[in-house]
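Visitor: Please pick one part of this protein and take me through it slowly. I'd like to know which way its residues face and what lies around it.

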Amino acid sequence: MQAAMKTRNSIFISCFLLGAAALNAATPTFDKDVLPILQKRCQDCHRPGELAPMSLLTYTDARPWAKAMKTAVLTDKMPPWFADPNYGHFANDRTLSKAEIDTLVAWADGGAPEGNPKDAPPPRTFQDGWNIKPDMIIEMPADFHVPAKGTINYQNILVKAHFDQDTWVVAAEMRAGNPKVVHHMRANVRPPGSTWMKNAIPGQAYEEGSEAMAGAKEGADLLGKYNPGLGAQTFDVGDSAKFIPKGSDIVFNIHYTAVGTPQTDRSKVGLVFAKHPPKQRYWMSPGTPAAFNLAIPAGDSNAEVVSEVTVGVEGAKLVYIQPHMHLRGKDYELRLLYPSGESETVFKGKWNFDWQVGYQLAKPILLPKGTRIRAIAHYDNSANNKYNPDPTKTIWWGDQNWDEMQSGFLGLVFDVNTDVDKVLIPSGPSLLPRAAFGPTLATLGK
Ligand code: HEC
């Protein structure tokens, strides 16, 4: 009897040990397997001072989030990335590989062990503040006071800059003065002589659509952008750089979010100058193609809106795509219709207002003169869209979040002597008068 019991116990014990050993061999550890993934894929945002709510720098930081991380990566919630993998390749693709997902899942399922600190890679180092070494920093001259509550319309602040000569810029980075309240922002170049915001008082914040915002944005260029986790932007693809004409000023365009207590913000943009005159100019389209004529019927859960520009110069190449819509946006596709008759979808993805991700093409795409660049977007103006401010209205183009936009920021590189106002000419659907819906592909007959 006693002997039998012993045997049973020892069988039990050895099974247990065997099980534990097998588990050890299979379960990834934080130090060896998980930390390298977090460093590469998550710590851009998940560290103190950045936008994500928790740090994932150390085992102590990350351990309580093991199960949440598993869920977040299995549901594609994290890392934020919205491109359909069937179209295009992007240099800034954040998608996790299957092996990376499997590791995070197995680690969480296996009790999230730490492992041996000797196996850990050295910690990633982050320079406090800038990720670039700026040659020039342009800061808002005064604090913006962010109220505790309510929706805050986009704010525009003209800042006098001192570009004493024509300047070429190879990188820009925007830093939020107060990342808690800066949802996203942009810095625009306002060339000398521009009528845009010509009566604005420098340093003063103006709401989108207000009188001081009037004027044409001729020759304007988008210099820098800030989105959560976007980091610095480079403009040196194929020996290119961004051009800032002598005497230009900068316009900050900032979307603030109220956080329950009054806050202040004073944001800035840092610039790295080119060391030699570039071969090509890097230019960001001013939100084109755009559907200023859009109409999104009340209650429509899948309203299509199409816009288009035609390439008016030779030799331009597409290098970057950043769709822009508001709260009803669902998805966005960019299709190239070549003069040869061929067509190609170079981007397709879900729209997410919170992230406003930009997609950097892994390889520049040549746009022969005459190529039509067509954007095809869908909107959910039904009551099922939880972000919809009002499903009972037909929606037109407007700057306010409760209006809509169908626009895109396209990064192009081309010969430095090109006239930027000739590069992308509105065409096709973008020239139609506003109708009750659309413009749609069906109204174009194709
Ligand atoms: C571009 C910035 C960014 C990157 C990269 C990023 N995160 Fe996040 N993450 C955020 C922000 C901001 C939030 C909070 C807002 C939200 O939930 O959307 C968040 C939230 C989370 C949450 C909480 C989700 C929930 O449901 O509450 C988890 C877990 C998480 N991230 C894990 C990860 C992991 C793991 C990675 C890397 C594989 C990663 N994140 C990469 C910005 C980022």
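**A close look at helix H5**

Guide: Let's start with Lys98 and Ala99, which are exposed and sit on the other side of H5 from its buried residues. "Exposed" here is a count: 12 or fewer other C-beta atoms lie within 10 Å of a residue's own, while "buried" takes 20 or more, anything in between is partly exposed, and the C-beta atoms are placed from the backbone. Bear in mind that this is a predicted model, where local features need pLDDT of at least 70 and side-chain atom pairs count only at pLDDT 80 or more, though totals for chains, interfaces and linings use all residues. Numbering starts from 1 along each chain as its sequence is written.

Now turn to the buried residues of H5: Thr103, Leu104, Trp107 and Ala108. They all lie on the same side of H5, because they cover an arc of only 125 degrees around the axis. (That arc is taken from the directions from the helix axis to the C-beta atoms.) So what do the buried residues of H5 pack against? Their partners are helix H2 (30-41) and helix H4 (66-74). A contact means that two C-beta atoms, placed from the backbone, lie within 7 Å.

Next, check the length of H5. This helix has 12 residues, 98-109, and at 1.5 Å a residue it should span 16 Å, which agrees with the 16 Å between its end C-alpha atoms. The expected span is 1.5 Å times one less than the number of residues. After H5 comes Gly111, with a positive phi near 90 degrees.

Let's step back to see where H5 belongs. The protein has six helices and 23 strands; these are DSSP runs numbered from the N terminus, with helices (H or I) of at least four residues and strands (E) of at least two. Its C-alpha atoms fill a box of roughly 100 × 50 × 45 Å along the principal axes. Of its 446 residues, 38% count as buried. Take the contacts between residues at least 6 apart in sequence: 84% of them join residues at least 24 apart.

For a contrast with H5 and its exposed side, try strand E13 (residues 280-284), where five of five residues are buried. Gln280, Tyr282 and Met284 point one way from E13, Arg281 and Trp283 point the other way, and all are buried.

Definitions and conventions
The arc is that of the directions from the helix axis to the C-beta atoms.
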